[in-house]
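Work through the two exercises below on the pockets of this protein. Try each task before reading its solution.

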Amino acid sequence: MRREPAGDVGRAKEMDETLAEFFRRTILKIPMTEMMTVLKTWNFLSENQLQTVNFRQRKESIVQDLVLLCEENRASLNDAALLDIIYTQFHRHQKIWDVFQMSKGPGDDIDLFDMEQFKSSFKKILQRALKNVTVSFRDAEENSVWIRIAWGTQYKKPNQYKPAYVVYYSQTPYAFTSSSQLKSNLPLLGQALTVASKHHQIVKMDLRSRYLDSLKAIVFKQYNQSFETHNSTTSLQERSLGLDINMDSRIIHENKVEKERVQKVTQEIFGDYPQPRLEFAQYKLETKFKSDLNGGILAEREEPLRCLVKFSSPHLLEALKSLAPAGIADAPLSPLLTCIPNKRKNYFKIRDK
């Protein structure tokens with residue numbers, strides 16, 4: 001990296017080798033097909049500066065040129081963190097997101113919300129409790145804010161390469177967090193969220209996915225609007241039933257009636273719109289052994305029987321929606337499978353009543 005003039009030593013320290021390496025690694029992970037889009041969204045480098053870069057050369061050379069331009073603009077750690085937030089927003093599905101729900105205390109009034117006050121309070125709470133932590137923000141759509149937290153310890157600097165992310169929608173009780181390796185910091189993060197958003201307590205919901213937009217749609221019950229993408233006015237009679245015209249008319253009639261029943265039941269349960277995207281649903285079962293027969297190895301067992309069942313699919317809810325129409329399962333499906341959006345959870349514990 002080139003040296004700054006001697007008269008600006010204080011600013012030169014901001015772009016040391018550690019920061020330059022952070023910029024290099026952040027830019028390096030941006031796919032070339034998205035490079036210009038991400039850089040323009042970042043809006044730190046001017047149009048004229050970007051035109052000086054030859055984007056047809058090797059990626060390593062492109063990255064080096066961009067890092068030099070960042071140094072020329074005297075970029076700070078917060079500028080690099082903002083670029084990382086933008087990259088993460090483009091690739092949000094690469095992380096696993098948990099959902100937290102907050103609540104007001106008894107008799108708490110609804111306060112006027114100020115996003116800048118929220119940011120200031122959130123950052124102060126973390127920095128007072130932990131010496132080495134960096135917090136960066138980026139405002140997003142629908143009155144939401146993305147928060148990037150690089151955790152350190154009392155003795156180690158923040159690790160910029162393993163940050164946690166929080167997405168908070170103002171004036172709602174919900175926050176979405178990327179899973180963090182530092183579980184010990186979760187209580188502090190929860191405290192910062194509740195105090196800054198003026199809530200009383202926070203709990204982790206039994207809901208998790210890679211698809212942040214689908215989680216948001218589920219908790220805000222928006223899936224029947226935001227996921228509506230196709231025409232739902234086609235009548236059941238107009239849909240192809242795939243029947244053999246040479247079949248007996250009585251069989252055709254029975255098949256048609258049954259298929260219409262299955263379609264109707266499926267539509268009543270799932271709606272006639274694409275489902276929010278989840279990859280799995282997990283069920284933990286605990287039950288006592290029951291038998292009318294006397295004796296047996298399990299008859300006097302005090303511990304409950306436990307088992308874990310996990311349904312996985314690239315698009316679980318759409319897969320469940322298609323089971324009955326495809327003839328793979330009877331309609332209606334078990335409420336344990338169809339209640340996922342309404343219950344707002346994909347982790348279930350089933351115990352004896």
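## Pocket exercises

By class, 8 nonpolar, 8 polar and 6 charged residues make up the lining of the second largest pocket. The model is a predicted one.

**Exercise 1.** Describe the second largest pocket: what is its volume, which residues lie nearest its centre, and which elements give two or more residues to its lining?

*Solution.*
1. Start with the space: the second largest pocket holds about 430 Å³.
2. Turn to the lining. It consists of 22 residues, and T18, L77, T134, P158 and Q160 lie nearest the centre.
3. Assign the elements. Two or more lining residues come from each of α2, α6, α7 (115-129) and β2 (133-140).
4. Check the domains. Domain 1 (17-94) and domain 2 (97-105 + 112-220) each supply at least three residues to this lining.

**Exercise 2.** Characterise the largest pocket, and explain where it lies with respect to domain 1 and domain 2.

*Solution.*
1. Take the volume: about 560 Å³ for the largest pocket.
2. List the centre. The lining has 29 residues, and K95, Y161, K162, P163 and A164 are the closest to the centre of the pocket.
3. Map the elements. α2 (17-28), α6 (77-90), β3 (144-151) and β4 (164-169) each give two or more residues to the lining of the largest pocket.
4. Sort by class. The lining of the largest pocket divides into 9 nonpolar, 12 polar and 8 charged residues.
5. Place the pocket. Both domain 1 (17-94) and domain 2 (97-105 + 112-220) give residues to the lining, so the largest pocket lies between them.

Technical notes:
Residues numbered from 1 in each chain as written. Predicted model: local features only at pLDDT ≥ 70, side-chain atom pairs only at ≥ 80, totals over all residues. Heavy atoms only, no water. 1 Å grid on protein atoms, 1.4 Å probe; cavity = no way out; pocket = protein on both sides within 12 Å on 5 of 7 lines; lining within 4 Å. Points joined across faces, edges and corners; volume = space filled by probe spheres on them. Helix = DSSP H or I, 4+ residues; strand = E, 2+ residues; numbered from the N terminus. Nonpolar A, V, L, I, M, F, W, Y, C, P; charged D, E, K, R; others polar. Domains from an automatic or database assignment.
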